[in-house]
Amino acid sequence: MKQFKTILRFELNNYFQNKVFLGITIFAVLLIAVLMFFPRFAADKESGGTENAQPAKSDLPIMYIISETEETEAIVQAFQEAFTDYNVTGAQNEDETRNKIISGEADCAFIIHSLTDYTYLVGNLTMYDTNTATADSVLQQLYRIHSLSAQGISHDDAQNILSVSPQSTVESLGKDHSRNFFYTYIMIFALYMMIIMYGQLVATSVATEKSSRAMELLITSAKPTAMMFGKITAACLAGFVQLIAVFGSAFLFYNMNRSYWADNAIVASIFDMPLSLLLYMVLFFILGFMIYACLYGAIGSTATKVEDINTLSMPLTLLFVAAFMVVIFSMSSGEVDNVLLKICSFIPFTSPMAMFTRIAMSTVPPYEIIISVVILAASVIGIGVLSAKIYRVGVLLYGTTPKISSIIKALKNS
């Protein structure tokens, strides 16, 4: 235990004194600060001018309305109310309107042949242009009012009848996917990045010490298992501290600017995470990190030089990437309780992300969570013991990269 503490302390000092580690952490915190304070700066800048200033009509793009009907005034007024981001103006000459659109003086125009037929004139039609959909809605409303008025119903009564909207109340008896999606995605992505990045760091650290022959000196004064678990635990703690720094600062800066984000439902949902879900995140982060870090440490011990790490760790990395893709596709489809994700929830290599996703976006029976956690914890112990044995054998193997058969043979003889 003394050797483990010594190695843990040494590795943690290396992380916390590493300029790259500190630089990435500080940069991430500053970037989050800029993003979280941006609405405040924007509001302060706007308040430097006229209070609640609205863009002048002359500053808005021009939309012309050419009406061939007898309800020109009503049509223009309805379009002005619907297209508030345009300077909607009536026009008479179609050719002149076309020339203004071509020259760029006007943005677009509607030629209203009747309440059920129109032509839309626009310079460059973008894929995001929704003006025709808005115009359809406006003309449909006008047509219905006109039809009701023709039946003897007054204009005001017709408008009141058509403006009635049903009131609805949505009561979710389970989880709200739209509300939980964004912070679940962020947590899954953070878990993915931490395991991949720090797992590679563990493997690289072991391979570097082995290739520089420093391992031969270290192994004479410390047990290989203490060395491996000391490195893994230090990497886990460093990653956890980095997560706390990034997410903690984001939470702090958000609360400092909460009023400026009040109208953004997405950002509000991200920071409205239940405490229970955050605790699940910590649990699956630790267990998931330990299982992969043990394997990365074992892989690093079998490498003869640092350049071999990427090749040796490729199958493990691809396995984790596959688990990440399964989770992301399941989240995107909206079916997080599909058969594949349920199976992945009980496989140790995929359960850290799969089960966490199901807990965040679905209703999972407690016994399934317990079974998944027990399997994952038992796997961490089993893979940790196996990785320690591989580590003990691998650090003493030099020369060419050992084959799996030679490692198994060495394990049997050890």
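Ile-102 sits in helix α4, the stretch covering residues 94–103. In this predicted model, Ile-102 has a relative accessibility of 70%, and because anything over 50% counts as exposed, Ile-102 falls in the exposed class. Ile-102 and Val-122 are 20 residues apart along the chain, and their C-alpha atoms are separated by 8.4 Å.

Stepping back for a moment, the protein holds 16 helices and four strands. Of its 414 residues, 40% are buried. Counting just the contacts between residues at least 6 apart in sequence, 74% of them join residues at least 24 apart.

Helix α1 makes a handy starting point for looking at how one helix presents its two sides. It runs over residues 2–16, and its 15 residues, at 1.5 Å each, should span 21 Å; the end C-alpha atoms turn out to be 21 Å apart, so expectation and model agree. The buried residues of α1 are Ile-7, Leu-8, Glu-11, Leu-12 and Tyr-15. These residues cover an arc of only 130° around the axis, which means that they lie on the same side of α1. Over on the other side of α1, Lys-2 and Arg-9 are exposed. The spacing of such residues has a simple background: an α-helix has 3.6 residues a turn, so residues three or four places apart point the same way.

Helix α3, residues 72–82, can be read along the same lines. Here Ile-75, Val-76, Ala-78 and Phe-79 are buried. Their arc around the axis is only 165°, so they too share one side of the helix, in this case α3. Turned away from that buried side is a face of α3 carrying Glu-73 and Glu-81, both exposed. And what lies over the buried residues of α3? The cover includes the strands β1 (62–67), β2 (87–90) and β3 (108–114), along with helix α5 (131–150).

The pairing of α3 with α5 can be described further. Two packed helices are described by the angle between their axes and the distance between the axes. For α3 and α5, the axes come within 10 Å and cross at roughly 135°. Angles over 145 degrees would count as roughly antiparallel, so α3 and α5 are instead oblique to each other. The crossing in which α3 passes α5 is right-handed. On the α3 side, the residues involved are Ile-75, Ala-78, Phe-79 and Ala-82, and they meet Thr-134, Ala-135, Val-138, Leu-139 and Leu-142 of α5. Ile-75, Ala-78 and Phe-79, then, turn up both among the buried residues of α3 and among its residues that meet α5.

Further along the chain, helix α11 (residues 275–302) packs with helix α12 (residues 309–333) at an angle of about 160°, their axes lying 9 Å apart. That angle makes the two helices, α11 and α12, roughly antiparallel. As with α3 and α5, the crossing of α11 past α12 is right-handed. The contact draws on Tyr-292, Leu-295, Tyr-296, Ile-299, Gly-300 and Thr-302 from α11, and on Ile-309, Leu-312, Ser-313, Leu-316, Thr-317, Leu-319 and Phe-320 from α12.

Helix α11 has another packing partner in helix α14 (residues 351–361), with an angle of about 170° and axes 9 Å apart. Again the angle makes the pair, here α11 and α14, roughly antiparallel. From α11, Leu-277, Tyr-280, Met-281, Phe-284 and Gly-288 take part, meeting Ser-351, Pro-352, Met-355, Phe-356, Ile-359 and Ala-360 of α14.

Two residues of helix α7 round off the picture. Thr-204 belongs to this helix, which covers residues 177–211. With a relative accessibility of 28%, Thr-204 counts as partly exposed. The C-alpha atoms of Thr-204 and Ala-303 are separated by 9.2 Å, although the two are 99 residues apart along the chain. Setting aside neighbours within four places in sequence, Thr-204 is in contact with Val-306 and Ile-309. Ile-309 has already appeared above, as one of the α12 residues making the contact with α11.

Met-197 also lies in α7. Its relative accessible area of 30% makes Met-197 partly exposed. From Met-197 to Ala-235 there are 38 residues in sequence and 9.8 Å in space, C-alpha to C-alpha.

How values were computed. Residues are numbered from 1 along each chain as its sequence is written. This is a predicted model: local features need pLDDT of at least 70, side-chain atom pairs count only at pLDDT 80 or more; totals for chains, interfaces and linings use all residues. Side-chain values use heavy atoms; hydrogens and water are left out. The expected span of a helix is 1.5 Å times one less than its number of residues. Buried means under 20% relative accessible area, exposed over 50%, partly exposed in between (1.4 Å probe, protein chains only). The arc is that of the directions from the helix axis to the C-beta atoms. Axes are lines fitted to C-alpha atoms, for helices over the stretch in contact, and angles run from 0 to 180 degrees between N-to-C directions. Angles under 35 degrees count as roughly parallel, over 145 as roughly antiparallel, 65 to 115 as roughly perpendicular and the rest as oblique. A crossing is left-handed if the near helix is turned anticlockwise from the far one by less than a right angle, and right-handed if clockwise. Contact means heavy atoms within 4.5 Å.
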